[in-house]
Amino acid sequence: MIEKYRIRYCLRLSLGGFLLMVMLAVPCFAGAPTDGVKKTTDRILAIVSDPALKGPENKGKRGQLIRQAVDERFNWEAMTKRSLARHWQKRTDAEKKEFIALFGKLLERTYLDKVGSYSGEKVIYVDETIDGKYGTVTAKILTHSQTEVLVCYRLKEVGGDWQVYDISVEGVSLVNNYRKQFNSIILRSSYDDLVQKLRAKVAEKD
Amino acid sequence: MVRFRLNELKASGWELNPMAIKQGERMKKFDLELCVGLFMILGILCLGYLSIKLGKLEVLGSQGYEVEAIFSNGGGIKSGSSVVIAGVEIGRVKQVGLDDYQARVLMDLPFDVKIQEDAIASIKTRGLIGDKFIEITPGGSEELIRPGGRIRDTQSAVDLEELISNYVFGKL
């Protein structure tokens, strides 16, 4: 009789343990959006820390490789559309295409050099939310001085692939920043002036 | 002339008796009370109107639609805080609540202000330490947010103290 109880007790314990494991495992499960962001980040980190690609003489090649990796994850059209906001619909298809290329170049110029100064900072994926076709991935970047920088990626699922359309660093959104700047330039002068300004900025020191 | 009139009145059955005079007085008194009463009601109505107008209360329900937004940090936004587009107040915060340890803000917007699906809502501070308000930067999507919908892209209140502490401790 006692033996029977003991078996039952053991069974219950193991079942409880299993349930606990499942419950603990669920929050650690990384979904498709995090997977996508992680894959791209790892790829870029591999390029940046590759000794064969270091040095100023390899800068062009390195930049090209990074751009390729970023292109796969970033939805430039969605990003540009969101940044131009109300002014997007007034543009012709050719203008849209030109602006997407210019905007991509601008971001590349602004941030590529910063990626080059990478020196082993850690990236930790903290949180992920999925709401239908939209998702967010929150990551923390740990610097050497133990400062945390919170980065939030906003993604949209396009054909089974999660693509980034906005990045917030410490709660400040990239798209919102450019949206305000573009809007104020267009309202102050014109769309053509904005394109010219972007062209000048992209051509700087090139 | 007067006598003639009086005779005429008497002929028509009118009598100058004390009872009638008293009754007239009573009528006058009643008129006065009515006046005071009406005046009081008018006063109360004015007071009600003023308190609704100044307190910005809604009596006849709202003439708009609701849109919600989730912020990771509400920064002390309250119901009644203004919702602004391009610096123009277009609506107010109706309700602030907690949803999965995040701030869920319900806004009341007028029907003639359409919000695009990719609009961004951010919590801002008036001045350096002033009131909090919500700023919506309109997007470019053809899709509009339906009543009861949600602004997906939000930007929480920037915590100045945290930024300073990050800066200070980052220097260690």
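# Exercises on a predicted two-chain model

In this predicted model, 19 residues of chain A are in contact with 16 residues of chain B. The exercises below begin with this interface.

**Exercise 1.** Determine which elements of chain B supply the side that touches chain A, and which of them gives the most.

*Solution.* Begin with the elements that each supply at least two residues: β5 (120–125), β8 (153–155) and α3 (160–170) of chain B. Next, compare the contributions: α3(B) gives the most, with three residues. Finally, sort this side of chain B by class: eight residues are polar, five are nonpolar and three are charged.

**Exercise 2.** State which strands of chain B helix α6 of chain A lies across, and give its angle to β6(B).

*Solution.* The helix α6(A) comprises residues 174–188. Three strands of chain B lie under consideration, namely β5, β6 and β8, and α6(A) lies across them. Its direction is at about 75 degrees to β6(B).

**Exercise 3.** Give the strand order of the eight-stranded sheet in chain B, and identify the strands at its edges.

*Solution.* The sheet is open, and its order is β7-β1-β4-β3-β2-β6-β5-β8. The pairing is mixed. At the edges stand β7 (150–151) and β8 of chain B; each has a single partner strand, so one side of each is left without a neighbour in the sheet. For one pairing within chain B, take β2 (residues 82–85) and β6 (residues 132–137): these strands run parallel and are joined by two bridges. Here B:V84 has B:E135 in β6(B) as its bridge partner.

**Exercise 4.** Describe how strands β1 and β2 of chain A are joined.

*Solution.* In chain A, β1 covers residues 122–131 and β2 covers residues 134–142. The two strands run antiparallel, with nine bridges between them. As one example of facing residues, A:K140 in β2(A) stands opposite A:I124. The strands form a hairpin with two residues between them. In the turn, A:G132 has a positive phi of about 65 degrees.

**Exercise 5.** Classify the packing of helices α4 and α5 of chain A, and name the residues that meet.

*Solution.* Helix α4(A) spans residues 76–84 and helix α5(A) spans residues 93–116. Their axes are 9 Å apart, at an angle of about 95 degrees. Angles of 65 to 115 degrees count as roughly perpendicular, so α4(A) is roughly perpendicular to α5(A). From α4(A) come A:W76, A:E77, A:T80, A:S83 and A:L84; they meet A:F99, A:I100, A:F103 and A:G104 of α5(A). By class, the residues of this contact are five nonpolar, three polar and one charged.

Note on methods: Residues are numbered from 1 along each chain as its sequence is written. Chains are lettered from A and ligands numbered from 1 in the order in which they are written. This is a predicted model: local features need pLDDT of at least 70, side-chain atom pairs count only at pLDDT 80 or more; totals for chains, interfaces and linings use all residues. Two strands pair if DSSP finds at least two bridges between them. Helices (H or I, at least four residues) and strands (E, at least two) are DSSP runs, numbered from the N terminus. Two residues are in contact if their C-beta atoms, placed from the backbone, lie within 7 Å. Ala, Val, Leu, Ile, Met, Phe, Trp, Tyr, Cys and Pro count as nonpolar, Asp, Glu, Lys and Arg as charged, and the others, Gly among them, as polar. Axes are lines fitted to C-alpha atoms, for helices over the stretch in contact, and angles run from 0 to 180 degrees between N-to-C directions. Angles under 35 degrees count as roughly parallel, over 145 as roughly antiparallel, 65 to 115 as roughly perpendicular and the rest as oblique.
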